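Visitor: I'm new here and would like to look at this one slowly. Can I ask how you know each thing you tell me?

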Amino acid sequence: MDVKELVERIKKISKKEINIMEFCGTHTHEIFRYGIRQLLPENIHLLSGPGCPVCVTSEEDIDYIIDLAQNYDLSIITFGDLVNVPGNNGSLNYLRAKGKEVIVVYSPLESINIAKQNPNKKYLLIGIGFETTAPNLAFTLIKAKEENIKNLYFLSLHKLTPPAMKAILDMGEIKIDGIIGPGHVSTIIGRKGWEGLFKNYKIPFVIMGFKPEEILYGLYHLVKIIEEEKPALINAYEKSVKEDGNKTALEYMYKVFKKGSSSWRGLGIIEESGLILNEIFEEFDIQKIYPRSSKTIKSNSYCRCGEVLRGVIKPIDCPLFGKSCTPESPKGPCMVSSEGTCSAYYLYGGE
């Protein structure tokens with residue numbers, strides 16, 4: 001079916017006022033970029049969730065990184081978007097301005113070469129992302145251990161997606177009638193990775209791809225099972241997502257990591273939602289070497305990124321949006337990240 005036919009089919013079957021949440025930042029941007037919101041009938045409301053790993057990085061995590069770099073002479077190795085994410089005491093760009101070394105890499109494996117070439121310096125690699133990126137970081141740590149790298153440490157900010165979905169459903173702040181399942185995460189964990197969530201909540205759930213016809217094809221199936229009141233867990237992205245996911249990637253991931261609690265911006269501490277280094281790799285764990293301070297600092301109450309991440313408000317409802325908060329001068333991570341909801345609203349013209 002082409003785009004036009006899919007849109008017509010959705011319009012034909014859609015009768016109810018429904019809220020559908022996408023949990024993937026790439027879906028958020030592609031839905032905006034292709035104008036899919038404008039193609040759908042007005043009774044279908046698309047909400048954006050916490051599907052952007054940079055956006056859900058907590059203020060406390062950024063503060064901890066800054067504290068480490070300033071007090072323990074560590075050079076930071078990270079990925080592009082994270083350098084502009086604000087904590088309570090500035091961003092990693094703030095460190096750069098103070099003369100600290102912050103290196104942006106495209107592959108985590110680059111960190112091994114950097115550490116080997118500079119044996120007298122200490123480096124901290126920041127691991128960030130959902131299930132999609134964790135296997136690459138796990139492989140990097142396996143290589144670092146094999147090569148006996150002693151001047152490279154690791155901070156895991158990796159997060160697991162299903163527990164965040166569960167947290168939002170448990171909060172009950174908004175009515176969610178269906179979920180657009182993230183395609184990239186699902187390539188790793190498979191359709192089966194969502195079975196626990198579906199069995200507990202019986203909420204219509206469809207895994208979708210990212211092309212306009214793939215999104216609309218998935219939306220057609222999602223609207224159909226919502227209208228028929230026959231909840232199902234459907235994989236509409238079969239060319240990339242398998243029933244059991246990517247077993248090799250999962251094997252690497254759990255060779256290095258184990259589940260633990262994690263702090264999510266806007267959601268707080270979620271149990272079993274983070275990936276922390278297991279005992280075999282704890283020699284790399286910076287938190288074992290330099291434990292976190294127990295002090296808490298009040299976060300920026302003016303930025304409403306947390307509510308955006310929970311789907312409670314739209315970016316245009318934030319008083320900072322488009323005024324003091326722009327991609328050139330972001331006040332919150334939802335505007336920083338290329339997958340952030342605020343960024344999508346700003347780039348593609350609000351609604």
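Visitor: What makes you say that the charged end of Lys145 sits over the ring of Phe281?
Guide: Keep in mind that this is a predicted model. The charged end of Lys145 is 5.7 Å from the centre of the Phe281 ring. The cut-off is within 6 Å of the ring centre and within 35 degrees of the ring normal, so this one counts as a charge over a ring.

Visitor: Which residue lies over the face of Tyr220?
Guide: That's Arg9, at 5.9 Å from the ring centre.

Visitor: Which residues are joined with Lys145 into one network?
Guide: Lys150 and Glu283, through salt bridges that share partners.

Visitor: Let's go to the aromatic rings. How many aromatic pairs does a search of the whole structure find?
Guide: Eight. One of them is Tyr72 with Tyr290.

Visitor: Why is the pair of Tyr72 and Tyr290 called stacked?
Guide: Two values settle that. The ring centres are 3.9 Å apart, and pairing asks for centres within 6.5 Å, so the rings pair. The planes are at 20°, and planes under 30 degrees apart count as stacked, so that's the word for this pair.

Visitor: Where in the chain are these two tyrosines, Tyr72 and Tyr290?
Guide: They're 218 residues apart, so to speak from distant parts of the chain. Tyr72 is in the loop between helix 4 and strand 3, while Tyr290 is in the loop between helix 13 and helix 14.

Visitor: Is Tyr72 buried, exposed or partly exposed, and how do you know?
Guide: Tyr72 has a relative accessible area of 31%. Buried means under 20% and exposed means over 50%, so Tyr72 falls in between and is partly exposed. Its partner Tyr290 has 17%, which is under 20%, so Tyr290 is buried.

Visitor: What makes the pair of Trp194 and Phe205 tilted?
Guide: Their planes have 35° between them. Stacked needs under 30 degrees and edge-to-face needs over 60, so 35° leaves tilted. Centre to centre, the rings of Trp194 and Phe205 are 5.1 Å apart. Trp194 is in the loop between helix 9 and helix 10, and Phe205 is in strand 8.

Visitor: How do you know whether Trp194 is buried or exposed?
Guide: Trp194 has 0% relative accessibility, and the limit for buried is under 20%, so Trp194 counts as buried. Phe205, at 1%, counts as buried too.

Visitor: Which strands pair with strand 7, and what makes them count as paired?
Guide: Strand 1 is one, and strand 8 is another. A pair needs at least two bridges; strand 1 and strand 7 have three, so they pair, in the parallel sense. Strand 7 and strand 8 also run parallel and are joined by three bridges. Ile180 of strand 7 is the bridge partner of Glu22, and in strand 8 its bridge partner is Val206.

Visitor: What makes you say that both faces of strand 7 are covered?
Guide: Gly178 and Ile180 are on one side, Ile179 and Gly181 are on the other, and all of them are buried.

Visitor: Now the charges. Why do Glu214 and Lys239 count as a salt bridge?
Guide: The distance from N to O is 2.8 Å, and the cut-off is within 4 Å, so the contact counts. Glu214 lies in helix 11 and Lys239 in the loop between strand 9 and helix 12, so the salt bridge ties together parts that are 25 residues apart in sequence.

Visitor: Which of Glu214 and Lys239 is buried, and which is exposed?
Guide: Glu214 has a relative accessible area of 13%, so with the limit at under 20% it is buried. Lys239 has 55%, which is over 50%, so Lys239 is exposed.

Visitor: Which side chain meets Glu279 in a salt bridge?
Guide: Lys258, at 2.7 Å from N to O. Glu279 is exposed, with 52%, and Lys258 is partly exposed, with 30%.

Visitor: And how many salt bridges does the search of the whole structure find?
Guide: It finds 20. Arg304 and Glu307 also meet in a salt bridge, at 2.8 Å.

Notes: Residues are numbered from 1 along each chain as its sequence is written. This is a predicted model: local features need pLDDT of at least 70, side-chain atom pairs count only at pLDDT 80 or more; totals for chains, interfaces and linings use all residues. Side-chain values use heavy atoms; hydrogens and water are left out. Rings of Phe, Tyr and Trp (its six-membered ring) pair if their centres lie within 6.5 Å; planes under 30 degrees apart count as stacked, over 60 as edge-to-face and the rest as tilted. Helices (H or I, at least four residues) and strands (E, at least two) are DSSP runs, numbered from the N terminus. Buried means under 20% relative accessible area, exposed over 50%, partly exposed in between (1.4 Å probe, protein chains only).
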